[in-house]
Amino acid sequence: MKKTPRQDRAKEVRCPRVITEYYDGGDGAKRARRYIRGRALGKGGFAVVFAVQEAATGRSFACKVVAKSTLEKPRARKKMVTEIRIHKSVSCDQVVRFERCFEDDNHVYILMEMCSNRTLADIVKSRGAMREMAAACYMREAVSATAHLHAMRVIHRDLKLGNLFLTKEGLEEIKAEGGGPGTDAELNKLGAAKRVKIGDFGLACAMDHDDERRRTICGTPNYIAPEVLKGKEGPGHSYEVDTWSLGVILYTLLFGSPPFQTKDVKLTYKRIRANEYDIPDDPPIADSTKDLIRAALSAEPEKRPTLQQIAAHPFMKLGAEDWKLADEKPAPYVERR
Ligand code: ADP
């Protein structure tokens with residue numbers, strides 16, 4: 001049989017106009033919920049994500065649709081089951097909410113909270129680098145969301161701007177104020193509530209204990225940590241891979257492009273292995289912010305700061321006093337070493 005290339009698998013999704021979820025009504029009788037499919041929000045390697053509306057309530061969701069034909073291999077099925085299990089287990093207001101999942105003859109459906117369909121990658125792409133105060137605002141949310149995951153012994157392993165979703169409110173507020181990232185209007189709004197949520201648990205792993213080490217090479221080239229690239233030859237990787245990716249995220253927010261980016265993936269990996277990157281002089285950033293980037297991008301995972309140390313760094317406090325953050329729940333920082 002001809003193999004389907006990975007990038008084409010999403011094409012196998014032929015999602016019906018009306019999606020039906022059958023569920024047990026509790027009294028043994030089967031009940032049905034119906035969802036009207038709207039526009040496609042985006043496409044992943046295996047899935048297409050659609051906007052859907054629950055017919056009975058009018059509630060909107062994002063629905064990730066995966067064709068069962070792409071889940072024939074046990075490995076693909078296992079991956080999907082792991083993604084669902086982990087996403088389901090990490091419920092908190094800084095993670096794209098998992099609602100439920102169900103299947104029909106041809107597809108598996110994962111129903112999620114509807115975000116704005118804009119990620120921080122879109123914001124940086126359309127508006128370029130942002131000033132330190134705005135980046136600090138986003139980083140506070142990204143770091144504390146990651147701390148929530150780590151406290152639950154989950155490593156995301158694919159933290160990147162494209163997986164940091166702006167919520168609907170976050171985006172509408174930016175539009176309503178007519179401002180871009182970095183304007184005071186936006187910062188004030190962003191300071192008031194959670195506006196960035198982590199999504200996409202396709203590469204996440206749940207650890208049984210903290211000393212466990214993983215050896216699967218996975219991630220997105222620009223964001224991948226050096227210890228991950230060592231694969232089976234190395235000592236394995238753990239929570240610190242997310243810290244590395246947060247360093248790449250911070251750098252990208254401030255300078256507009258990732259530190260190790262080249263046109264050729266192999267060359268990017270070479271630069272990551274050699275820890276070869278520059279911190280530009282333009283736009284100028286504080287020396288302490290440079291230190292934070294360098295610390296997060298330490299070649300040796302054990303030299304990277306803990307998330308708690310990052311959260312306590314002066315950069316992360318930029319502008320924070322101006323906002324009403326007092327009633328925010330503190331992140332459950334867990335000392336991992
Ligand atoms: P991948 O795994 O390839 O990163 P996903 O399958 O998670 O992608 O999602 C594909 C695209 O669908 C995303 O890039 C985004 O544009 C859109 N999307 C995913 N989840 C949501 C959501 N909860 N709300 C709005 N848009 C979403």
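This note sets out numbered points on a predicted model of a protein chain with a ligand.

1. Overall composition. The protein chain has 337 residues, of which 40% count as buried. Its secondary structure comprises 10 helices and 11 strands. Among contacts between residues at least 6 apart in sequence, 67% join residues at least 24 apart.

2. The sheet. Six strands make up an open sheet, and their order across it is β1-β2-β3-β4-β6-β5. The pairing of these strands is antiparallel. In general terms, strands of a sheet pair through backbone hydrogen bonds, in either a parallel or an antiparallel manner. At the edges stand β1 (18-24) and β5 (98-103), each of which pairs on one side only. On average, neighbouring strands of the sheet are turned by 35° against each other, with direction ignored.

3. The pairing of β4 with β6. Strand β4 spans residues 60-67, and β6 covers residues 107-112. Six bridges join the two strands, which run antiparallel. One residue pair may serve as a reference point for inspection: Val65 has Tyr109 of β6 as its bridge partner.

4. The helix across the sheet. Helix α1, residues 74-89, lies across β4, β5 and β6. Relative to β5, which is one of the edge strands, helix α1 runs at about 150°.

5. The surroundings of the ligand. Which residues come nearest to the ligand? Of the 18 residues around the ligand, these are Gly42, Gly44, Val49, Ala62 and Cys115. Three strands, β2 (30-43), β3 (47-54) and β4 (60-67), each supply at least two residues of the shell. Strand β2 gives the most, namely three residues. By residue class, the shell divides into eight nonpolar, six polar and four charged residues. The strands β2, β3 and β4 follow one another in the order of the sheet.

6. The packing of α7 and α9. Two packed helices are described by the angle between their axes and the distance between the axes. For helix α7 (residues 240-255) and helix α9 (residues 287-296), the axes come within 8 Å and cross at roughly 145°. The crossing of α7 and α9 is left-handed. On the side of α7, the contact is made by Thr243, Trp244, Leu246, Gly247, Leu250 and Tyr251; α9 contributes Leu292, Ile293 and Ala296. The residues of this contact divide into seven nonpolar and two polar, with no charged residue.

Definitions and conventions: Residues are numbered from 1 along each chain as its sequence is written. This is a predicted model: local features need pLDDT of at least 70, side-chain atom pairs count only at pLDDT 80 or more; totals for chains, interfaces and linings use all residues. A residue is near a molecule or strand if its C-beta atom, placed from the backbone, lies within 6 Å of it. Helices (H or I, at least four residues) and strands (E, at least two) are DSSP runs, numbered from the N terminus. Ala, Val, Leu, Ile, Met, Phe, Trp, Tyr, Cys and Pro count as nonpolar, Asp, Glu, Lys and Arg as charged, and the others, Gly among them, as polar. Two strands pair if DSSP finds at least two bridges between them. Axes are lines fitted to C-alpha atoms, for helices over the stretch in contact, and angles run from 0 to 180 degrees between N-to-C directions. Two residues are in contact if their C-beta atoms, placed from the backbone, lie within 7 Å. A residue is buried if 20 or more other C-beta atoms lie within 10 Å of its own, exposed if 12 or fewer, and partly exposed in between; C-beta atoms are placed from the backbone. A crossing is left-handed if the near helix is turned anticlockwise from the far one by less than a right angle, and right-handed if clockwise.
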